[in-house]
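Student: Could we go through this structure together, one question at a time? I would like each answer to show its reasoning before it settles on a value or a name.

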Amino acid sequence: MVLFISCDNVSPSANNLERQNNLRNTETADPPIDKSVMDMSYFPPDYPQLKMSGKALGDPVIRIIYSRPHKNHRKILGDVVQLNVPWRLGANEATEIEFFRDVTIQNKRIAAGRYVLYAIPGAEKWELILNSDLFTWGLHINRQNDLYSFSVPARLTSVPMEVFSMQFGKTATGAELSIAWDTVLVTLPIDF
């Protein structure tokens, strides 16, 4: 026979349950909410709606997957996004772009496929880089896997963009990827 004596009038099994419950609560506590939500842009821009309505004519041409950080009253270019330092073009995982067909960018033929897209921002121009090192977090990529590099002008806008954004627009020769945050806008023409 075993006799448990407790000075606090709580049985040992109740103490164990309370301890286990406290441990469980700390182990399963919800992680902080990620303010940089993942987004996806397509060309044509209305491709998901066309597909759902049965009006899509084949695959999209381009898709980009990225996370959207907020400005939150911060200085972006030169602070959050450092000049002349590689940046992942968003937050969290590395930004990925997928071409569903071969395209041409600045007279360079790009094969259909998925690539990491990142930038080296400058005050007057940005270098946009396609890299084959997929499934990476942040910008922990192997720069030796850089495949293509494109220089594009950086323009200042009159109205700041609170949330980092990447969108495609139609052009006479294909599409244009617009990248905007705070008062900076860069565009990358894509021909197909």
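Student: How much of the accessible surface of the chain belongs to carbon and sulfur atoms?
Tutor: This is a predicted model, and the value is computed from its atoms. The accessible surface of the chain comes to about 11900 Å². Of that surface, the share that belongs to carbon and sulfur atoms is 54%.

Student: What pattern do the helices and strands follow along the sequence?
Tutor: The secondary structure of the chain comes to 2 helices and 9 strands. Read along the sequence, these elements give the pattern α-β-α-β-β-β-β-β-β-β-β.

Student: Which residues does a cis peptide bond join?
Tutor: Most peptide bonds are trans. Here one bond has an omega of about 5°, and is cis. One of its two residues is found in the loop between strand 1 (37–43) and helix 2 (47–52). The bond joins Phe43 and Pro44.

Student: Is His73, with its positive phi, buried or exposed?
Tutor: His73 lies in the loop between strand 2 (62–68) and strand 3 (96–99), and its phi is near 65°. The cut-off for the upper class is over 50% relative accessible area. His73 has 83% relative accessibility, and therefore counts as exposed.

Student: What is the relative accessibility of Asn84?
Tutor: Asn84 has its place in the loop between strand 2 and strand 3, and has a positive phi of about 60° although it is not a glycine. Asn84 counts as exposed, because its relative accessibility is 61%.

Student: Why does Lys71 count as buried?
Tutor: Lys71 is found in the loop between strand 2 and strand 3, and touches Ile76, Met161, Glu162, Trp181 and Asp182, not counting residues up to four places away in sequence. Buried means under 20% relative accessible area. Lys71 is buried because its relative accessible area is 16%.

Student: Which residue has its backbone oxygen 2.6 Å from a polar atom of the side chain of Lys71?
Tutor: A polar contact is a pair of N or O atoms within 3.5 Å. The distance of 2.6 Å runs from a polar atom of the Lys71 side chain to a backbone oxygen. That oxygen belongs to Arg74.

Student: Which residues lie nearest the centre of the largest pocket?
Tutor: About 200 Å³ of space lies in the largest pocket. By class, its lining has 9 nonpolar, 3 polar and 2 charged residues. Of the 14 residues that line the largest pocket, those nearest its centre are Val80, Val81, Pro86, Trp87 and Arg88.

How values were computed. Residues numbered from 1 in each chain as written. Predicted model: local features only at pLDDT ≥ 70, side-chain atom pairs only at ≥ 80, totals over all residues. Heavy atoms only, no water. Helix = DSSP H or I, 4+ residues; strand = E, 2+ residues; numbered from the N terminus. Buried < 20%, exposed > 50% of the residue type's maximum accessible area, 1.4 Å probe, protein only. 1 Å grid on protein atoms, 1.4 Å probe; cavity = no way out; pocket = protein on both sides within 12 Å on 5 of 7 lines; lining within 4 Å. Points joined across faces, edges and corners; volume = space filled by probe spheres on them. Nonpolar A, V, L, I, M, F, W, Y, C, P; charged D, E, K, R; others polar. Polar contact = N/O pair within 3.5 Å; in protein donor to acceptor, adjacent residues only side chain to side chain. Contact = heavy atoms within 4.5 Å. Areas by Shrake-Rupley, 256 points an atom, 1.4 Å probe, with all protein chains shown as cover.
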